[in-house]
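Student: I should like to learn how helix packing and pockets are read from a structure. May we work through an example together?

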Amino acid sequence: MEQKVQKKQCITAIVLDLLIIVFGILGTYIELYENGPGMLGYYTVDSNIFMAACCFLDIIYQIRELQGQKNYVWVKEVKYTGVCCMTITFCIVFFVLAPMGGLEGYQRIFFEGALKYQHFLCPILSVASYLFIDRFQVILKRSMVYVALIPTIIYAVITVSLNIARIMYGPYPFLYVYEQSVGMSFFGGVLILGIEYLIVWLLWKINQTVKKRNQ
């Protein structure tokens, strides 16, 4: 019975991974067509590309799991990091960016063009994959809460530096370093990192409930 459940989990995981990869590629293709290489300045685009790569690794993980081979915990740790990035993308868009445009803002930012893949479908599928499959396959270490913040910190350091050097403009409000005080830019960055920490911790905590049930 347990083997049947494990097999269903692996197959479901592969299907979800493939959907995330396909939708991620579609969103990236549209962004590349519309914005060119400049698309890489968006955290959303970077998160989707990263998540697609994580899903590719996870497909290999699931195939090995089906074959009963020894697997690699780091694959699930990397995917957890990708899920955290996708979740922060969804939350910032839902609670910060979309409300700026009212009801039309939600319509445009979640259901039009590349955004329907990057802001809605891929984040939702990523979280679903984590909640229903990934968290049951590997118990994450406490240190992963901090490791999962690294991609966002790297993005912040690079984009802030490029904005200060006037090589890049934005693309998010807290990055407009020459249009607001240093304090406001700092506050915006710290706020976003604080929100992400809460999200990362919550996802990690959900993973730990599996450990408690098995004790």
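Student: Is the crossing of H3 and H4 left-handed or right-handed?

Tutor: Please note that this model is predicted. The crossing of H3 and H4 is right-handed. The residues in contact are Phe90, Val93, Phe94 and Leu97 from H3, together with Tyr106, Ile109 and Phe110 from H4. By class, this contact has 7 nonpolar residues, with no polar and no charged ones.

Student: At what angle do H3 and H4 pack?

Tutor: The angle is about 160°, and the axes lie 10 Å apart. An angle over 145 degrees counts as roughly antiparallel, so H3 is roughly antiparallel to H4.

Student: How does one find empty space, and what volume does the largest pocket have?

Tutor: A probe the size of a water molecule, rolled over the atoms, shows where empty space is left. Here the largest pocket has a volume of about 750 Å³. It is lined by 33 residues, and those closest to its centre are Phe174, Ser185, Gly188, Gly189 and Ile192.

Student: Which element gives the largest share of that lining?

Tutor: H8 does, with 12 residues. The lining of the largest pocket comprises 26 nonpolar and 7 polar residues, with no charged residues.

Student: Which classes of residue line the second largest pocket?

Tutor: Its lining has 11 nonpolar, 5 polar and 4 charged residues. The second largest pocket holds about 410 Å³ of space. Of its 20 lining residues, Glu31, Tyr42, Arg108, Leu115 and His119 lie nearest the centre. The elements giving two or more residues to this lining are H1, H2, H4 and H5.

Definitions and conventions. Residues numbered from 1 in each chain as written. Predicted model: local features only at pLDDT ≥ 70, side-chain atom pairs only at ≥ 80, totals over all residues. Heavy atoms only, no water. 1 Å grid on protein atoms, 1.4 Å probe; cavity = no way out; pocket = protein on both sides within 12 Å on 5 of 7 lines; lining within 4 Å. Points joined across faces, edges and corners; volume = space filled by probe spheres on them. Helix = DSSP H or I, 4+ residues; strand = E, 2+ residues; numbered from the N terminus. Nonpolar A, V, L, I, M, F, W, Y, C, P; charged D, E, K, R; others polar. Axes fitted to C-alpha atoms, helices over the stretch in contact; angles between N-to-C directions. Parallel < 35°, antiparallel > 145°, perpendicular 65-115°, else oblique. Left-handed = near helix turned anticlockwise from the far one by under 90°. Contact = heavy atoms within 4.5 Å.
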